[in-house]
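Here is a friendly walk through one protein chain. Please keep the sequence and the model open beside the text as you read.

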Amino acid sequence: MPKLKDCIRSLVALTIVAACSITAAAQGSQKSAQQAQDEAAIRENVRKLEEGWNTKNGTLFAEPYAEDADAVAVGGFVRKGHDDIEKVHWDMFRGAFKNSTIALKIRQLRLLRPDVALVQVDNT
């Protein structure tokens with residue numbers, strides 16, 4: 001049986017990847033203003049995930065998710081759509097995770113394409 005902290009780390013890592021979305025970024029080797037805006041938006045999404053978790057607010061936690069988002073939770077459970085993701089987090093925060101907290105730190109943020117980002121986040 002995995003420890004609660006390990007489950008939270010797995011859940012957060014999967015959630016972060018699923019939650020981060022960006023707008024189109026300009027091409028080129030030098031960081032453009034658009035890329036800087038995209039990175040700032042991703043950092044804000046991570047902040048909302050952390051704040052939502054720590055305040056046990058499923059609405060805030062789910063805010064970064066798109067309406068058609070898919071999220072894979074601990075144990076491989078798949079949640080489809082923003083509303084389901086929000087609901088399951090409200091349930092989680094009333095249950096097994098009610099006394100848990102997270103501290104998220106972005107280890108790496110890479111804009112792979114204008115519409116794709118890879119974000120590696122640690123729960124410290």
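The report below goes from the overall layout to the core, the strands, the salt bridges and two individual residues.

**Overall layout**

Please bear in mind throughout that this is a predicted model. The chain contains four helices and four strands, and reading along the sequence gives the order α-α-α-β-β-α-β-β. Of its 124 residues, 39% are buried. The accessible surface of the chain is about 7300 Å², and carbon and sulfur atoms hold 53% of that area. Among contacts with a separation of 6 or more, 55% link residues 24 or more positions apart.

**The core and helix α4**

Which residues touch the most other members of the largest nonpolar core? They are Trp-53 and Tyr-65, in a core of 20 residues. Two or more residues of this core come from each of α2 (33-54), α3 (58-62), α4 (82-94), β3 (104-113) and β4 (116-123). Helices and strands are thus both represented in that list.

Helix α4 deserves a closer look. Its 13 residues span 19 Å from the first C-alpha to the last, which is close to the 18 Å expected at 1.5 Å a residue. The buried residues of α4 are His-82, Ile-85, Glu-86, Val-88, His-89, Met-92 and Phe-93. Several of these positions can be read against a simple rule of helix geometry. An α-helix has 3.6 residues a turn, so residues three or four places apart point the same way. With that in mind, you may like to trace Ile-85, Val-88 and Met-92, which are among the buried residues of α4.

**The β3-β4 hairpin**

Strands β3 and β4 form a hairpin, and two residues lie between them. How do the two strands run, and how many bridges join them? They are antiparallel, with eight bridges from β3 to β4. Two of the pairings are handy landmarks when you view the model. Gln-108 has Gln-120 in β4 as its bridge partner, while Arg-110 is paired with Leu-118 in β4. In a regular strand the side chains alternate between the two faces of the sheet.

**Salt bridges**

The structure has nine salt bridges. Three of them are set out here, with the distance between the closest N and O atoms.

| Pair | N to O distance |
|---|---|
| Arg-47 and Glu-44 | 2.7 Å |
| Arg-94 and Asp-91 | 2.8 Å |
| Arg-113 and Asp-115 | 2.8 Å |

Arg-47 and Glu-44 sit three residues apart in helix α2, about one turn of the helix. Arg-47 is partly exposed, with a relative accessible area of 36%, and Glu-44 is partly exposed too, at 31%.

Arg-94 and Asp-91 are likewise three residues apart, about one turn, in helix α4. Is Arg-94 buried or exposed? Its relative accessible area is 56%, so Arg-94 counts as exposed. Asp-91, by contrast, has 34% relative accessibility and is partly exposed.

In the third pair, Arg-113 is partly exposed, with a relative accessible area of 48%. Beyond single pairs, salt bridges with shared partners link Glu-44, Arg-47 and Glu-51 into one network.

**Two residues to inspect**

Where does Lys-56 lie? Lys-56 is found in the loop between α2 and α3. The phi of Lys-56 is near 60 degrees, a positive value in a residue other than glycine. Most residues other than glycine have a negative phi, and most peptide bonds are trans. Lys-56 has a relative accessible area of 16%, so it falls in the buried class.

Val-78 belongs to strand β2 (residues 78-80). What is its relative accessible area? The value is 47%, so Val-78 is partly exposed. Setting aside neighbours within four places in sequence, Val-78 is in contact with Ala-71 and Val-72.

**Putting it together**

For a last tour of the model, you could begin at Trp-53 and Tyr-65 in the largest nonpolar core. From there, move to α4, where Phe-93 is one of the buried residues and Arg-94 is exposed. Then follow the antiparallel strands β3 and β4, and finish at Lys-56 with its positive phi.

Notes
Residues are numbered from 1 along each chain as its sequence is written. This is a predicted model: local features need pLDDT of at least 70, side-chain atom pairs count only at pLDDT 80 or more; totals for chains, interfaces and linings use all residues. Side-chain values use heavy atoms; hydrogens and water are left out. A nonpolar core is a set of buried Ala, Val, Leu, Ile, Met, Phe, Trp, Tyr and Cys residues joined through side-chain atoms within 4.5 Å. Buried means under 20% relative accessible area, exposed over 50%, partly exposed in between (1.4 Å probe, protein chains only). The expected span of a helix is 1.5 Å times one less than its number of residues. A salt bridge is a side-chain nitrogen of Lys or Arg within 4 Å of a carboxyl oxygen of Asp or Glu. Contact means heavy atoms within 4.5 Å. Accessible areas come from the Shrake-Rupley method with a 1.4 Å probe; for residues, only the protein chains shown count as cover. Two strands pair if DSSP finds at least two bridges between them.
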